[in-house]
Structures are given as C-alpha cells and as structure tokens.
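User: Could you take a close look at one part of this assembly, the protein surface around one of the DNA strands, and then set it in its wider context?

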There are 2 protein chains.
Amino acid sequence: MELSASLQDYLEGILFVQQEKGRARVADLAGFLNVKKPSVVKSLLKLKELGLIEQEPYQAIQLTSSGRALALKISKRHNVLKDFFFQVLMIDEKTADRDACRIEHVISSKTFERLTQFVEKHKKAS
Amino acid sequence: MELSASLQDYLEGILFVQQEKGRARVADLAGFLNVKKPSVVKSLLKLKELGLIEQEPYQAIQLTSSGRALALKISKRHNVLKDFFFQVLMIDEKTADRDACRIEHVISSKTFERLTQFVEKHKKAS
DNA sequence: TGACAAAGTTAGCCAAGGCTAATATAATGC
DNA sequence: GCATTATATTAGCCTTGGCTAACTTTGTCA
C-alpha cells in the first residue's frame, strides 16, 4: 500500500509542524504546504482512514505510531537528498530543499540506500 | 508553460519509439508507457493543441520541430540521470532507468546542470 | 458573558489522467 | 475484392487532489 506523493507531503508536514510549533493544526498545515484548508481536511480524512493520524473534531492532529514511523522515514529521505544536493553538489540550500521534496517521493529504495552510503562517504572524506 | 510529467513522458516516448521502430503509433506508445490506447489518444490531443506533435487521423505520430527539441531535452535529462545512477552509484540498469524516468520530471535545472558536470567528471576520472 | 475572530468543516465544483466498451478506419491474407 | 484482424477513436466513467462558498465550532477579550 503505497502512499501518494501528496499524502506523503501531508504526513511529513505534520511531523515538521509539530516539531516547529508543538502541535499541528489544519491551518498550520495549509500554510506549510501552500494549499487551502479544505484541501487539508480532505487529505486528513484519508490519512485517518489509513490509520496514520488521529484527530478529534476541531482539534489538533496527532500522528499514530505507524504514522510517525512513516513520517520519519520520509523525512529521512528528504534529509539525505538535501545533503546530497547541498553538501555534495553544492546547490543553494533553498533549491536543494525543493528538489529533495520532489524527489523523495519517487526515488527507489535501492537507489536511496546507495545514495545514503555515497553521502556518508563524502562527509567522512571532508 | 510547463508540460506535466505525464505529457513529458508521452513526448519522450514518441521520440524513443520513433528511434526504435522508425515510426511511433498509438499502440506502440501505449505499450511503451504501459497505458491503454484511449489514454494515449487523449494525451496526444493535448500535445497537438500545444503544437508539439502532428498526426493525420489514424496515422503515425510526427514530432514538430519544437516538439522534437523538447523531447530531446527531456531525453538528455533522462540519460544523465541514468548515467549517474548506473555508472556512479552502480545501481542495476533497470532500476537506474526507472528512477531516471521519474526524477527527470521534477529535478530543477540548476541541480541538473551540476549533476551533469559531476557525471562528466566521474567519467573522465575512470 | 456575549460578540467577534479564527479555526475547522461540509458541499460541491473542476482539471488531469487513467480506464472500459463500443465504434470506425486501415491493413492484411485468402 | 472481401473478410478478418489490428489499429485508432469516441463516449463516458472514475479517482485524485486541488479550489470556493457557506456554515459550524472554538476561543478570546472587552
């Protein structure tokens, strides 16, 4: 059961906003992801059905343990990709971040693992 | 005017199939892209409206000069990405190709250019 | 404590890009 | 040259993931 790129973005966004602001609300997420609140609500419904988040009506969003695990996994992908672009290819941070955000959803596990090793090696060498 | 990932795939596919088989027909493209023929027809209509291809009813697909230029550009991206995965990261060819196919649509020009340099440098070094 | 602002929700619309079923045209072989 | 097969097209459906407008709930503060 593969999560769509969009739902992965929501999940990752929830984790990020929680870490930044202590809690993640619909409006925070809408701001972070540059979408409107009703779009957030609609997507949260799907994440609830998948058991990845919980939310009391009109309240802040909670990640379930499986939701948190998945969000962390996606977030880790993001960071390795960003490190590769920023530290290895020396791309400016903003572009590195944007590219990471798009590629994290489509890169294969195999390629991601090799890239992780590659980035590690580069860090040690410098 | 940015072409969607899907339309980029069609355009690139047309170029590829033409090179392989001499001409690109709806059925060839459907096979290559793993979609059904009516989906191809629908997408070709959009590419026609954008002036990227021409097609007489029930006949093979022709790239216009701007369509060809764009297809070549996309194809080049694909090849550099594939080279990076296959030759630098030593990913198996099939996976390298699949990742290239997905990432070519989302990578920024800036990052792509740096990656191109990086791959060139690696080729010389080996 | 009651009014108002902010946050969340619902309903319903739209475009993109798949699909199937049915139809039309082209190409092939007897 | 005609029947059959392959190819292309059309019509119409579905899902995803946006949006706006309108409404409900929550929270704040005078």
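Analyst: The largest share of the surface near DNA strand C is supplied by H3(B), with four residues; a residue is near a strand if its C-beta atom, placed from the backbone, lies within 6 Å of it, and helices (H or I, at least four residues) and strands (E, at least two) are DSSP runs numbered from the N terminus. This is a predicted model, in which local features need pLDDT of at least 70 and side-chain atom pairs count only at pLDDT 80 or more, while totals for chains, interfaces and linings use all residues. Residues are numbered from 1 along each chain as its sequence is written, and chains are lettered from A and ligands numbered from 1 in the order in which they are written.

DNA strand C is surrounded by 19 residues, the closest being A:Arg25, A:Val26, A:Pro38, B:Ser4 and B:Pro38. Two or more residues each come from helix H2 (26-33) and H3 of chain A, and from helix H1 (5-21) and H3 of chain B. By class, this surface has ten nonpolar, five polar and four charged residues, where Ala, Val, Leu, Ile, Met, Phe, Trp, Tyr, Cys and Pro count as nonpolar, Asp, Glu, Lys and Arg as charged, and the others, Gly among them, as polar.

Turning to DNA strand D, 19 residues lie around this strand, and A:Ser4, A:Pro38, B:Arg25, B:Ala27 and B:Pro38 come nearest. Here the largest share, four residues, comes from H3(A), and the surface near DNA strand D divides into ten nonpolar, five polar and four charged residues.

The protein chains also touch each other, in a contact that takes 16 residues from chain A and 16 residues from chain B; two residues are in contact if their C-beta atoms, placed from the backbone, lie within 7 Å. On the side of chain A, helix H5 (93-103) and helix H6 (109-125) are the elements that give two or more residues, and that side has eight nonpolar, three polar and five charged residues.

Within chain A, which has six helices and two strands in the order α-α-α-β-β-α-α-α, the axes of H1(A) and helix H4 (residues 65-88) come within 9 Å and cross at roughly 95°, the axes being lines fitted to C-alpha atoms over the stretch in contact, with angles running from 0 to 180 degrees between N-to-C directions. H1(A) is therefore roughly perpendicular to H4(A), a term that covers 65 to 115 degrees.

Note on methods
Angles under 35 degrees count as roughly parallel, over 145 as roughly antiparallel, 65 to 115 as roughly perpendicular and the rest as oblique.
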